[in-house]
Amino acid sequence: EAVAEIFRHALNRDYFSLDEESRLELLSEAIANPNALRFEFSELSADAQEIFRVFQLIVHMRRSLGTECFGRYVISMTHSASHVMEVMCIAALAGLCGRMAGKWYCHIGVSPLFETIDDLAHVESVLQRLYRLPVYRGLLDAYRDGQEVMLGYSDSCKDGGILASSWGLYEAQKIIVGL
């Protein structure tokens, strides 16, 4: 929702009306060119401002306490590659990642968390789509600490029961290790 607000204010674009491919294209461009997104911070909703302040706090903590003070940013209920790229877009706006002098830099790692039975079944397509994006590939390579993926054991069990959860987790782990 915060990213949708930013695109509405900066580009007069309805992010929610876009399909996944169009969202990924727009997000990739925004990450590569965050200065093109001009908007008034004060015009964003309180929720969007709070989300942006979290990323500003990460920047402040890194400067004040050192680069190791913050772990990975966990993206709960990841359903699509765009969910990961939305986080990277806000990180780029805060200066945590981007492109400088022709090279990618990335000071934030993200961990998509796949929690439902349906999400476990789609983990391969989501991750493959993400890894094929040149912008994300560049950020991941610049981060140099690999991709961490999280699986929701308790949520998948609540969602589909013990047997479906166990099987979905087993299959998802095989797929992730093989990517």
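1. A residue counts as exposed when its relative accessible area is over 50%, as buried when that area is under 20%, and as partly exposed in between. The structure discussed here is a predicted model. With a relative accessible area of 54%, Trp167 is therefore exposed. Tyr170, at 43%, is partly exposed.

2. These two residues belong to one element: Trp167 and Tyr170 are both in helix H8, three residues apart, which is about one turn of the helix. Across the whole structure, a search finds five aromatic pairs. In the pair formed by Trp167 and Tyr170, the ring centres are 5.4 Å apart and the planes stand at 40°, so the pair is classed as tilted.

3. Aromatic residues also come together elsewhere in the chain. Phe7, Tyr15 and Phe16 are linked into a cluster by ring pairs. Tyr15 has a further partner, since Arg23 lies over the face of its ring, at 4.7 Å from the ring centre. A second arrangement of this kind involves Tyr131: the charged end of Arg137 sits over the ring of Tyr131, 5.7 Å from its centre.

4. Helix H6 covers residues 123-132, and its buried residues are Val123, Val126, Leu127, Arg129 and Leu130. Viewed down the axis of H6, the buried residues fall within an arc of 160°, so they line one face of the helix. Which elements cover these residues of H6? Among them are four helices named here by residue range, H2 (20-32), H4 (81-94), H5 (117-121) and H7 (134-143), together with helix H8 (153-178) and strand E4 (110-114).

5. Strand E4 includes Ser111. Is Ser111 buried or exposed? Its relative accessible area is 0%, and Ser111 is therefore buried. Leaving aside residues up to four places away in sequence, Ser111 touches Arg72, Tyr73, Val74 and Ile75, as well as Gln147, Glu148 and Met150.

6. The last point concerns a hairpin. Strand E2 (residues 97-100) pairs with strand E3 (residues 103-106) in the antiparallel sense, over four bridges. Cys97 has Cys106, in E3, as its bridge partner. Two residues lie between the strands of this hairpin, and Ala101 takes a positive phi near 50°.

Methods: Residues are numbered from 1 along each chain as its sequence is written. This is a predicted model: local features need pLDDT of at least 70, side-chain atom pairs count only at pLDDT 80 or more; totals for chains, interfaces and linings use all residues. Side-chain values use heavy atoms; hydrogens and water are left out. Buried means under 20% relative accessible area, exposed over 50%, partly exposed in between (1.4 Å probe, protein chains only). The arc is that of the directions from the helix axis to the C-beta atoms. Contact means heavy atoms within 4.5 Å. Two strands pair if DSSP finds at least two bridges between them. Rings of Phe, Tyr and Trp (its six-membered ring) pair if their centres lie within 6.5 Å; planes under 30 degrees apart count as stacked, over 60 as edge-to-face and the rest as tilted. A charge sits over a ring if NZ of Lys or CZ of Arg is within 6 Å of the ring centre and within 35 degrees of the ring normal.
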